[in-house]
Each structure stands twice: as C-alpha cells, then as structure tokens.
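The following questions and answers examine a structural model. Please consult the sequence and the coordinates shown here.

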Amino acid sequence: MRPRLDALLRTTTFRLALVQAGVVLAFVVVMLIYVYFSTVGQLIRDSDALADQEYATLERAYAEGGMRRLNQEVVERAARQGPFLYVLAESDGAIVTGDFQQLPAAPRETPERVDFSFERVDETGSPVRGRASGRVGRLINGPILLVARDLGDSAVIAGRITRVLWTVAIVGLIVSLVSGLLAATQAARRAEALSTTAREVMSGDLSRRAPVRGAGDEFDELAQSMNDMLDRLEQLMHTTRTAGDAIAHDLRSPLTRFRQKLEAALEQAPNSDADREALRKALDEADLLFNMFAAVLKLSRVETASNWTFHRVDVTGILRELLEFYEPVAEEQGLGFLGEVQDNLVLQGDQGLFTQAVSNLVENALKYTPSGGKVEVRAVRRPDSRIEITVLDSGPGVPVADRDRIMERFVRLESARSTAGVGLGLSLVAAVARLHKGGLHLRDGLDNGEGKGLAAALVLPVTTP
Amino acid sequence: MRVLLVEDDLDMAASLKASLTADSHDVDHAGDGETGEQMALDGGYDVIVLDRMLPKKQGVSIVRDLRGKGVSTPVLILSALHDEDHRIEGLNAGANDYLGKPFSTRELLARVRALWHGRDAGPQTRLQVSGLEMDLLARTVKRDGKKLDLQPREFRLLEYLMRNAGQTVTRKMLLENVWDYHFDPQTNVIDVHISRLRSKIDRDFGQTLLHTVRGSGYRLGG
C-alpha cells in the first residue's frame with residue numbers, strides 16, 4: 001500500500017488538488033472575515049454609536065453643571081440598571097463613582113475606545129461574564145468618563161456566528177482535500193491502466209489494448225491514440241513475421257537442396273582426398289550456417305511471438321533429467337559435476353524453451369571449464385517464491401564489464417573464439433527468461449584457483465501474471 | 001519399399017527422389033496436396049513423405065484426413081516450420097515423424113527406414129538381436145545368457161536401438177526418441193552415452209554389435 005500512496009502523492013493531479021484546497025481555504029478565510037465584519041462588527045458598531053450618544057449627553061451635563069451635576073447624572077443612570085455601564089474618575093485616575101472599581105485599559109491605537117469583558121449578575125443572581133464596548137475620554141479640566149454598553153445577547157449571537165464560520169472553514173478544507181484526493185486517485189488509476197498496457201505490450205503481448213471508457217475525456221483520447229498506435233504496430237509486426245515465416249520457408253528449401261548437392265558430390269567419391277576434405281569442410285560450414293539460421297529464427301520467435309501458451313513445467317524433473325543427460329560428458333571431460341535440485345519445483349511456462357535454456361547454460365559451463373574443474377547446478381525456490389536455477393563453473397569466468405554484453409546476439413568474447421558456437425546461446429536464454437517475465441543474471445562462479453568462474457542464474461516467477 | 005513423396009518444390013523433389021532411389025526404394029512423386037492425398041488413398045505405399053506447405057491442400061490436413069479414412073501408412077512430415085507447437089500439431093494430426101528443413105539426406109533416409117521398420121511392431125515383450133536379449137516386462141538384458149546391469153536410461157537407449165536393429169539411427173533420432181529433447185546439443189553428449197552403453201554390451205564379448213555409421217549415427221546388429 002505504501003508505494004502506491006507515495007506514487008499518488010507524486011502525481012500532478014494530486015498537486016493540483018492541493019493547490020485547489022489552498023485556494024478554497026483562502027476564499028473561505030476571506031468570506032469569514034467579510035461575514036464577521038458585516039455581522040459581529042455591525043452589532044458592535046451599533047452598540048458603540050449608542051454609547052457615544054450617552055457619552056455626549058453626559059458631556060453636555062458636565063458642561064452645564066460641572067463635576068457635581070455630572071456625578072449626580074452618573075449615579076442616577078447607573079442605578080437604573082440600563083444597558084449602559086459608567087465610570088467617573090478624577091484626573092489622576094481615582095474612581096469617583098460608577099460600575100467598576102477601576103478603569104479598563106483602552107487600546108493604544110484607538111485611545112478613546114474600550115472593549116472589555118466583565119462580570120455581572122443576571123436576573124437569577126448568579127454571576128455571568130458579559131462583554132461591553134464603548135468610549136472613554138478625558139473631559140475639560142481632567143476628569144475621566146467611561147460609558148460602555150453591555151453587548152448582552154448580541155455577544156452570544158456574535159459568538160455563534162463566529163463558531164459557524166470556523167466550522168464552515170474546516171469542513172470546506174476537508175471537503176476540498178478529500179475531493180482532490182479522490183480525483184487524484186481516479187486519475188492515477190487510469191494512468192496506471194495505460195502504463196500496464198504499455199508494459200504488457202513491451203513484454204511481447206502485442207494484442208493488449210488500453211481500456212477506453214467512452215467518457216470522451218482526455219484519458220480516453222490518450223488511450224485511443226495509444227490503441228491506434230498499437231494496431232498499426234501489430235499490423236507491421238504481423239507483416240514482418242509472416243514475411244519472416246515465408247523467407248524461412250523460401251530459404252530452407254534451397255538450403256536443403258544445397259546441402260543435398262554437397263552430400264551427393266561427396267558420395268560420388270571425387271578423385272583426390274583433398275577434394276573430399278574440401279567437400280566435407282563445405283558441408284560442415286553449411287551445417288553451421290543452418291544452425292545459425294535456425295537459432296536466429298527461433299530467437300526472433302521467442303522475442304516477438306505473442307501466442308505462446310504456457311503449461312505446467314516440472315522444473316525438478318526436467319533438471320534432474322538434464323543432469324543425468326550431461327553427467328557422462330562431465331565425467332569424460334574430467335569435471336566434477338554436482339546437482340542440488342529442490343523437490344517439487346513447478347512453474348507455468350514453455351517446457352521446450354525452458355529445457356533448451358537450461359541445457360544452453362549447462363553446455364556453456366561444460367564447454368568453457370577446463371579439465372579438473374567443477375560444474376554445479378542448483379535450483380531453489382527463493383523467499384520471494386521465484387525459482388532460481390544457477391549453473392556455476394570454475395572456468396575462466398567473464399569480466400564484470402563484459403557480462404551484459406555477452407547476452408546480446410552474436411557477441412562472443414575473444415577468449416571464446418577457439419570454441420565452437422555462434423554466440424546465440426545466452427541470447428536465447430535471456431530471451432526465454434524475458435518471455436517468462438524473469439531474468440538471467442551473470443555473477444561470480446566457483447573458485448578456479450586464480451579467480452572466479454562464471455555463475456549464470458535463471459530467475460523465473462512461478463506464474464506469469 | 002514403396003515411398004510416396006509429396007513435395008511441390010520440383011528441384012527438391014528430384015533430389016530427394018534420387019537419394020531415396022539410391023537407397024533402393026521405389027518412389028512416386030506428387031506435386032500438390034490433392035494429388036498426393038488421392039495417391040495415398042489408392043494405397044500400396046510403405047511410407048509417405050509429406051511436405052507441410054503444399055499447394056491445394058496442406059500436409060497436416062492430408063494426414064488428418066488419411067487417418068480419418070483409416071489409412072495407417074506411416075507418414076513423415078517435412079517442414080520449414082519446426083517449432084515445438086508445429087511439430088506437436090503435425091504429430092497430433094497423425095503423422096509418425098516430423099523433420100525440420102534443412103535436414104541431411106542421411107537423416108531422412110534413416111527416418112524413412114525406421115518408420116517402415118517399426119510399422120507393424122505391435123506390443124512386444126521380448127526383443128532379440130544376435131546374442132542380445134531384452135525382456136521388456138522383467139526389464140532385464142542378457143548377452144549370450146549373461147545378465148547385463150543397465151541404468152534405466154541406458155535400457156531405453158538400448159531398447160530403441162534394438163527396435164531399429166539393422167537400421168542406422170541418427171543422433172537426432174536418439175535425442176528425440178530416447179530423451180524427448182528437440183534441440184541440438186553443442187556437445188558430443190550422445191556419443192558419450194553410446195560409448196558407455198557400448199562398454200557394457202560389447203566390451204567383454206568377442207563380436208561387436210553396436211556400430212558407428214560414419215557421418216550418420218549408429219547401428220545395432222551383427
């Protein structure tokens with residue numbers, strides 16, 4: 001699951017989804033600020049306007065009757081228990097009268113405005129926290145007057161509105177993230193379907209096509225283009241293959257005739273031994289040519305054909321028979337020959353190709369290992385449940401730099417020039433491995449006294465998906 | 001013996017006919033599938049050599065129809081397509097042997113003879129070649145009354161050689177019939193198996209039974 005999540009996080013669509021979530025969040029925040037100011041802000045502004053009127057009335061009373069009149073007014077009004085709260089203080093800040101024993105601090109930037117919470121007693125007598133806002137100011141000759149308005153129910157409403165706005169913001173964020181994620185998953189799944197098709201085609205199954213859902217979206221368009229391309233490719237491959245079969249047919253008959261004529265000439269006993277020898281060599285060369293021709297055609301078929309039907313292959317049985325088959329050759333060449341094959345190794349594949357692939361590896365080992373050396377064949381089921389067949393030898397080995405190269409067609413190392421062969425054996429093994437969705441790996445083999453021989457490991461999955 | 005050769009390549013057919021005639025067979029030739037099938041139905045042949053790709057009717061269809069009509073003459077299919085699946089298709093249709101082009105003339109001659117030789121070999125329980133006796137039920141082998149100790153695969157190798165006693169069998173035939181392998185080994189593995197078998201059946205006895213036929217293969221017989 002983890003790798004899929006990582007892959008999802010890397011997709012373009014997922015990044016777009018994140019950007020979308022960011023934009024939605026920014027929009028919600030702006031909305032929230034706007035709604036806040038046009039509701040809660042308005043309530044406070046209305047309340048402040050009333051507090052300002054009350055302040056102005058008291059200011060007028062001070063102008064008409066001085067401190068005594070003002071004091072009287074404040075005491076009377078405070079006693080009415082109206083929505084207003086009052087504090088009157090001397091110029092040095094000492095409280096003269098009012099609802100509080102000290103002045104709430106006014107914010108520095110707007111020195112005349114106050115907004116504070118306080119404790120008051122409700123109708124039932126229990127204390128409640130209230131919120132008030134209003135105006136504080138210094139009158140002529142210094143006394144300080146505060147008039148604030150208890151926001152009361154307005155504060156409760158404002159609190160509710162604020163909570164609703166927060167809820168909306170959080171829900172909006174979650175919804176945009178989830179929808180983005182869903183869109184990304186959907187897109188990732190469809191992109192995955194396309195690349196699965198591409199992989200299947202690469203592994204030789206040219207008949208595979210990408211699914212088109214008929215939604216007419218850009219993925220459908222992409223899948224359709226890909227399918228059109230594959231149709232064209234398959235058609236070309238088909239043409240090439242049928243041409244190949246025809247060429248094979250057309251060439252094999254003349255090659256057979258050519259061989260027959262050489263044989264006939266040899267039968268008719270030419271005059272000199274030299275002639276016979278030349279004819280015999282020509283026949284050997286012709287046979288080499290036929291073998292190369294057959295090997296190339298077979299390799300091409302393994303690499304391009306899509307119509308292999310796989311059956312149950314008894315790996316253990318086949319390997320033990322091959323070991324028995326080649327054991328006398330090893331003995332004759334003075335080689336130690338050891339086989340360690342686990343029981344019950346079975347895979348889905350092509351028995352003929354599998355047998356030939358392992359046979360090629362064993363023959364290579366027998367061919368290149370000098371007398372007195374060792375050849376070992378091991379077959380195990382690995383922890384990842386793949387089957388690994390390793391043929392190890394104590395021959396001259398292959399330099400690490402050349403190991404990939406010798407699996408290519410017709411590549412033979414300088415050191416192998418003296419032995420018979422056309423350089424297609426390992427190519428065929430590698431092609432058979434690919435056909436079975438496995439691989440051929442070349443590693444260090446057995447100790448040969450001066451260094452390491454070669455180990456060729458054929459790793460094949462038990463079933464091919 | 002009488003051989004029917006169905007081959008559309010006239011040059012090839014002439015050359016094959018010459019080789020088969022030289023090997024003392026009577027050869028009739030048909031140039032297309034329909035003529036070939038009709039000639040085969042008229043009968044009288046010991047072996048039919050059939051090209052796979054023919055004008056008018058393909059080799060595999062001809063075998064299938066011949067077998068459907070009760071003709072049991074041994075059939076050897078020659079084919080440029082000798083992949084495993086093509087070979088199996090040919091054998092399933094009722095062919096007795098399948099040889100891929102290009103092939104050596106000796107290979108073809110050996111196989112034609114083996115087909116004819118093995119045509120009426122019903123279920124046997126004992127095989128005998130000179131002083132060599134094989135009991136297929138008890139799975140024992142004796143030479144001049146002396147019991148020989150053979151490995152299971154050596155037993156099968158000898159059994160095949162004895163069933164084709166007096167005939168040349170090629171390495172390819174041994175590979176296909178004794179081991180069921182359909183590839184060309186790059187080592188002399190068949191020769192090594194033969195020399196092992198030879199050391200068991202011939203070494204302690206005066207007369208050599210298992211002969212090497214130069215350039216072709218092996219032959220068992222006095």
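Q: How many residues does the contact take from chain A and from chain B?
A: The model is predicted: local features need pLDDT of at least 70, side-chain atom pairs count only at pLDDT 80 or more, and totals for chains, interfaces and linings use all residues. Residues are numbered from 1 along each chain as its sequence is written, and chains are lettered from A and ligands numbered from 1 in the order in which they are written. Two residues are in contact if their C-beta atoms, placed from the backbone, lie within 7 Å. The contact takes 28 residues from chain B and, from chain A, 29 residues.

Q: Which element gives the largest share of the side of chain A that touches chain B?
A: Helices here are DSSP runs of H or I with at least four residues, strands are runs of E with at least two, and both are numbered from the N terminus. Two or more residues each come from helix 4 (218-267), helix 5 (273-304), helix 6 (315-332) and helix 7 (351-368) of chain A. The largest share, 11 residues, comes from helix 4 of chain A.

Q: Which helix of chain A gives the most to the largest nonpolar core?
A: A nonpolar core is a set of buried Ala, Val, Leu, Ile, Met, Phe, Trp, Tyr and Cys residues joined through C-beta atoms within 7 Å; buried means that 20 or more other C-beta atoms lie within 10 Å of the residue's own. The largest such core has 107 residues, and those with the most contacts inside it are Val429(A), Val432(A), Leu458(A), Leu50(B) and Leu76(B). The most, 9 residues, is given by helix 7 of chain A.

Q: Which strands stand at the edges of the open sheet in chain B?
A: Two strands pair if DSSP finds at least two bridges between them. The sheet has 5 strands in the order 2-1-3-4-5, with parallel pairing. Each edge strand has a single partner strand, so one side is left without a neighbour in the sheet; these are strand 2 (26-30) and strand 5 (97-100) of chain B.

Q: What angle does the direction of helix 5 of chain B make with that of strand 5 of chain B?
A: Axes are lines fitted to C-alpha atoms, for helices over the stretch in contact, and angles run from 0 to 180 degrees between N-to-C directions. Helix 5 (residues 105-117) of chain B packs on the sheet, touching strand 1 (2-6), strand 3, strand 4 and strand 5 of chain B. The angle between helix 5 and strand 5 of chain B is about 175°.

Q: Which residue of strand 5 of chain B is the bridge partner of Ile77(B)?
A: Strand 4 (residues 75-79) and strand 5 of chain B run parallel and are joined by 4 bridges. The bridge partner of Ile77(B) in strand 5 is Tyr98(B).

Key. Buried ≥ 20, exposed ≤ 12 C-beta atoms within 10 Å, placed from the backbone.
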